[in-house]
Every structure is written in C-alpha cells, then in structure tokens.
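Student: Please show me how to read helix packing, burial and contacts in a model of this kind.

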Amino acid sequence: MNEAFWQTLLLTFQLAAITTVLLFFIGIPLAYFLANTNSRIKPILETLVSMPLVLPPTVLGFYLLLAFSPENTFGSWLENTFGLRLVFSFTGLVIGSVIYSLPFMVHPIQAGLENLPQSYTDASYTLGKSKWETLLNVLLPNIKPALLTGIVLSFAHTVGEFGVVLMIGGNIPGETKVASIAIYDEVEGLNYALANQYAFVLFAFSFVVLMVVYSINRQGNK
Amino acid sequence: MMFICLVHGTSIFNFYNMTELRIKKELNFAGGKKMLHIETRIEEGTCVAIMGPSGSGKTTLLRLISGLTDAAAGKIIVGKNTWLDTEKKINWPTQKRNIGYVFQNYALFPNMTIQQNLEYALVRNQDKSIVNELIEVVGLQSLINKYPITLSGGQQQRVALARALIRKPQILLLDEPLSALDEEMRSDLQDYILKLHEAYHLTTLLVSHDKKEIMKMAQQVYVLKEGKIVNTGPPATIFKNTLQFHQLTGIIRKIETQEEVVILQIQIGDNYISIPSTKIDTANLKVSDKLVFNASLESWKKITK
C-alpha cells in the first residue's frame, strides 16, 4: 500500500514536471506571438488558449477521449502511423495536461511581455539585434517573475487536475493513476485514512507553491 | 519630382555624403488622418533639429528613418546605401540600418549592468575597445558595474548615448533625449552630444522643443506641422523673431566690492565671467542667486585660428 502511495505521488509529479517543461517551450513562443501580433486570428487564439479556464475539465476530457480513441480517424491514424495509443496512457495524459494548463503558462508570460516598455524591443533592434536575440537577452530576463509564476502555476495546476485525467487516463496504477484520482478512488473504497494522506500532501503542496509565487511577486514589486 | 541638392560643389563624392529622405506615411490625429510627407536632403556631419507641435510627426519621422515604423511609400538613401525604396521593394530591417537611436526614456536594459548594456550593442567580432573608449568619453568609468536603476536620469542618458554609438552609426537619432532632465544636467548632456557628434562625424537628427538647445546644437532646423516641413533654415534665422538668445542664465559665485564698483563673478555652465556693476544696481543680490541677464555685443573682436 505504501509503495502504491509513493508510486502515485511520483507519477503525479512526473506528469506535472513533463507537462511544465513542454508548456514552457510552447508557452513562450505562443505568448510572444500573442503579445506582439495585431493579426485577426489573435482573438481566436486567445479564446482557445483561455478555454480550459472556463470549460468543465470533463468536456475537454470528453473530446480528447473521442479524438484519441482508436475507433476514430485521428486516433486510428496515430495508432497505424506511429503505433501510438493515447487513450489510457501516460503520453495521452501529458498531451491532455498541456492543453488543460496552457492558459496558466501563457497568460502570465503574455502579460509580462505586454507590460515591458516597447522601447526595450525598439532599442535592441536599433542596436542590430534580431528578434530572437532580443527575446532571449532583453525580454525574457526582464520578466523573470512572470516566467516563474507561469512555471509554478502550470506545475501546480497539473498536479491538481482531475476531470481530464479521469476521462482520458482512467485509473491505471503506475500509468495514469495520479493523486487526485487516487483520493476519489480511496474514498469510493472507504479508505479515508489513505485518501487523507493524498489530500494532505496536495493541500500542503498547493499552499507552499502559492506562497512561493506571492512572495516572489511581492519582491518583484518592491 | 525634382530635388534641390543642398550640397555646394560639383564633386560626385558629395552625393555620397548625403542622406536623402522622401517618405510618406499616414499619421493618426485626434481629428482624423493626415499624411506625413517629408522630402529633404541632409549633408553628412550636420546636426538637424526637428521641432513642431506634438502630433506633427517628429517621432514618426525618426521611426521611419530607423525602420521601426514602415513607410507607406518613399526612399531613404544614406550615403551609398539605399535603406528604403518602396518602388524597388527595398526595405532594410532596422537591424541592418546603421543608426544610433536615443529614446526619451533612455530604454536601458534593467537586467544588464552599464558595461553589459554597452557590450550588448557590439557587433559580432567587433573590437571591444570601443566600449571603454565611449565609457571614458561620457565619464562613466566609476559606474560600469552598476545597474541602470541605480543611476540618475542624466547618467542613464549618457549610457544610452554611449550605447547608441557602439556600432559607429552613420545617423544618430535623438528623440527628445534631454526633456526629462533638469537645466544643469541638460547643458552637460548637450556638451557630451556635441563632443560625440564631432568626434564620430555623425549626421544627427535631434527632436527638441528647447530653442536654446537647438541654437547650441544644430546647424539646421526643420519645423514640422501636420507631417510637413513648414519652415527650414539655420536656427538663428528660424528664431529671429521669437528667441531672445542674448539672454544668459548664471549663478553668482562671488561679489567683490571695490569702492563704488561691484564685480560679480558669475558661473554660466562650466565657465566663469566677471561683470562690473555698481553698488546701487546690485544692492539686492547675494552669492548663489540665479540671474538671467542680457549679453550685448558692445565691443567685439573676431578670433582667427
């Protein structure tokens, strides 16, 4: 039982870590694009990025389940071409989590970039530096608190997700059974003590994480 | 459209020492849209002051030259290079245009020290000695390891100025660089700009509202209104009717009384002058009073080199 407890927690944090790393590299270019574009697709893209904030996770999970299912076009194409089955698999969970936590990475970074004076970018360009050099050397180093907020919130939000995981991952120990699912599972089985262990870990974790974010932002505002 | 070349002489090389501007761009006004339409030639090594009411297109003109804003139509030829020719679909990106741009709010990068701010501007494989050279010219040796936020406005603007010159630009664009500084600092900075303008043989475009500053810095003035140059000429001509440039501002440093004659020692910028006066005329004055007074050319002698 103890081993299963640690296995579940480890899986939870693995999922969160991988999701966060992927989101970091997806979130920065996406936020940069949104912060700098006046294109007509901007509102559409912004809406899509923000959808997970308002959508019940089960809705997202449901559509992902349909998409990933080998009985449907996309799912069967994945399986036939890459031998990849995303339903009830860890990889599927990672993809679901990336989509689900996208706004938590993109929003802080986009806001951070938009709040930087335009003259930083202009000055860097007039010094002969490319967009890429400017982003890397000037823009990102000056929005460190926003980057950290994005990382921490994405990680924490992935740890806390439930609906999406349940819909597309199910409850396979060591593969898709994460802490939030385990709590539900243990309560169903009337194992309140174990449920409490999971719940307490998540509670303490969330508290610490948010406190870190707020302390850092407080320092940043000084 | 014909162009009148302002250069004297007939050598073909003179042509290469010019900056030719013909740009069109729509400007958004509170009252609607106006066309910015500038056609001019600037001789290399000149400092041109650009003045005009807000919204007249001063900043837009600098941004168009730098390529930070795209022109609707036009041509920018700097020396031998065509930076922009919309007919031939030539449009060099800002990065490729060899300019130095100094912004009103300095735009120093907060994450870098003064030294790093300057080094960031280096072109790949460029000799680093230019960094130290410029740091010395603007007198910032003691501050190189500090971050911009710890510097005064004047110091920050000196860094910005040095940074803009690292690439040895052909054109220096100054967008109201001194408007946020107090009088004394402004005068210091003007001296630095003049020094650099001459030392690096720059063609400088200076946006400014300050007539005294323009008198001191520029050889040519463009008065902009609603996107057009409505008046141009040397500062003395432009300000003939509006500027009392015989007025000096200074601080009394010493008052010496010799019987009925009083000698005031007055500091003007970095210079001291002694002016004789009478006890009655100076009765209310004391040391460290600030004065505005008229300078007159009652007797003068031309200095020949």
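Student: How are two packed helices described, and which word fits α1(A) and α5(A)?

Tutor: Two packed helices are described by the angle between their axes and the distance between those axes. Angles under 35 degrees count as roughly parallel, over 145 as roughly antiparallel, 65 to 115 as roughly perpendicular, and the rest as oblique. Helix α1 (residues 2-36) and helix α5 (residues 90-115) of chain A pack at about 45 degrees, with axes 7 Å apart. They are therefore oblique to each other. The contact of α1(A) with α5(A) holds 20 nonpolar, 5 polar and 1 charged residues. Here Ala, Val, Leu, Ile, Met, Phe, Trp, Tyr, Cys and Pro count as nonpolar, Asp, Glu, Lys and Arg as charged, and the others, Gly among them, as polar.

Student: How are the axes and helices set?

Tutor: Axes are lines fitted to C-alpha atoms, for helices over the stretch in contact, and angles run from 0 to 180 degrees between N-to-C directions. Helices (H or I, at least four residues) and strands (E, at least two) are DSSP runs, numbered from the N terminus. This is a predicted model, where local features need pLDDT of at least 70, side-chain atom pairs count only at pLDDT 80 or more, and totals for chains, interfaces and linings use all residues. Residues are numbered from 1 along each chain as its sequence is written, while chains are lettered from A and ligands numbered from 1 in the order in which they are written.

Student: How many helices and strands does chain A have?

Tutor: Chain A has 11 helices and 0 strands. Its C-alpha trace spans about 65 × 45 × 25 Å along the principal axes.

Student: Is helix α4 of chain A largely buried or in the open?

Tutor: A residue is buried if 20 or more other C-beta atoms, placed from the backbone, lie within 10 Å of its own, exposed if 12 or fewer, and partly exposed in between. In α4(A) (residues 73-82), 1 of the 10 residues is buried, so this helix lies largely in the open. After α4(A) comes A:Gly83, with a positive phi near 65 degrees. Over chain A, buried residues make up 36% of the 222 residues.

Student: What surrounds B:Gln155?

Tutor: B:Gln155 sits in helix α5 (residues 153-165) of chain B. B:Gln155 has 20 other C-beta atoms within 10 Å, so this residue is buried. Two residues are in contact if their C-beta atoms, placed from the backbone, lie within 7 Å. Neighbours within four places in sequence aside, B:Gln155 is in contact with B:Leu140 and B:Leu143.
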